[in-house]
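Q: Please take a close look at one part of this model for me. I would like to know what makes up its largest nonpolar core, and what lies around it.

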Amino acid sequence: ITVVVCTGLGGIGKTEIAKGFIHNTQKNYSVRAWFSAEKLDQLLESYSLLGQKLGLTNKNSSADEIITSIKNWFEAHQNWLIVYDNAENF
């Protein structure tokens with residue numbers, strides 16, 4: 001696993017850099033996920049949408065089920081890219 005972190009003041013273009021990277025490398029990854037991580041409820045919503053798209057969860061799944069399903073999927077698969085946009089804590 002490779003982890004890359006872009007940090008800096010708000011408004012300097014970190015999100016645009018991440019968007020450009022995802023766009024330019026789309027053929028390199030089987031799954032690309034963009035998680036809005038500014039607030040916990042946004043992150044959970046992003047996880048929920050991905051879980052539904054991958055057939056792991058449904059609209060009635062609990063937060064714990066969603067998080068566990070997504071975590072297990074990423075641990076079992078390779079060749080994916082995740083962006084956590086506006087994450088304050090790692």
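A: What follows starts with the core, moves to one of its residues and a neighbour, and ends with some sites elsewhere in the chain.

Keep in mind that this is a predicted model.

Start with the core. The largest nonpolar core has 11 residues in all. Its members are Val31, Ala33, Phe35, Ala37, Leu43, Tyr47, Leu50, Ile66, Ile70, Trp73 and Phe74. Three elements give two or more residues each: strand 1 (31-36), helix 2 (40-53) and helix 3 (63-76). Helix 3 provides the largest share, 4 residues.

Now pick one core member, Ile66. Set aside its neighbours within four places in sequence. Isoleucine 66 is then in contact with Leu44, Tyr47, Ser48, Thr57 and Ser61. Of these partners, Tyr47 is itself listed in the core. Ser48 is another contact of isoleucine 66, and it deserves its own look.

Serine 48 sits in helix 2. Is this serine buried or exposed? Its relative accessibility is 10%. Buried means under 20%, so serine 48 counts as buried. Leaving out residues up to four places away in sequence, serine 48 touches Thr57 and Ile66. Thr57 also appears among the contacts of isoleucine 66. Serine 48, Thr57 and isoleucine 66 therefore form a trio in which isoleucine 66 touches both partners, and serine 48 does likewise, given that contact means heavy atoms within 4.5 Å.

Next, the surface. Ile1, Val3 and Val5 form a nonpolar patch there. Together they have about 380 Å² of accessible area. Isoleucine 1 lies in the segment before helix 1 (14-24). Its relative accessibility is 93%. The cut-off for exposed is over 50%, so isoleucine 1 counts as exposed. Set that against serine 48, which is buried at 10%.

Last, two backbone sites. Asparagine 79 is a residue other than glycine, yet its phi is positive, near 65°. It is placed in the loop between helix 3 and strand 2 (80-85). Helix 3 is the element that gives the core its largest share. Asparagine 79 has 42% relative accessibility and therefore counts as partly exposed.

Asparagine 86 is not a glycine either, and it has a positive phi of about 65°. Its place is in the segment after strand 2. At 41% relative accessibility, asparagine 86 counts as partly exposed.

Conventions:
Residues are numbered from 1 along each chain as its sequence is written. This is a predicted model: local features need pLDDT of at least 70, side-chain atom pairs count only at pLDDT 80 or more; totals for chains, interfaces and linings use all residues. Side-chain values use heavy atoms; hydrogens and water are left out. A nonpolar core is a set of buried Ala, Val, Leu, Ile, Met, Phe, Trp, Tyr and Cys residues joined through side-chain atoms within 4.5 Å. Buried means under 20% relative accessible area, exposed over 50%, partly exposed in between (1.4 Å probe, protein chains only). Patches are made of residues with over 30% relative accessible area and no salt bridge: like charges are joined within 9 Å, nonpolar side chains (Val, Leu, Ile, Met, Phe, Trp, Tyr) within 5 Å. Accessible areas come from the Shrake-Rupley method with a 1.4 Å probe; for residues, only the protein chains shown count as cover. A salt bridge is a side-chain nitrogen of Lys or Arg within 4 Å of a carboxyl oxygen of Asp or Glu.
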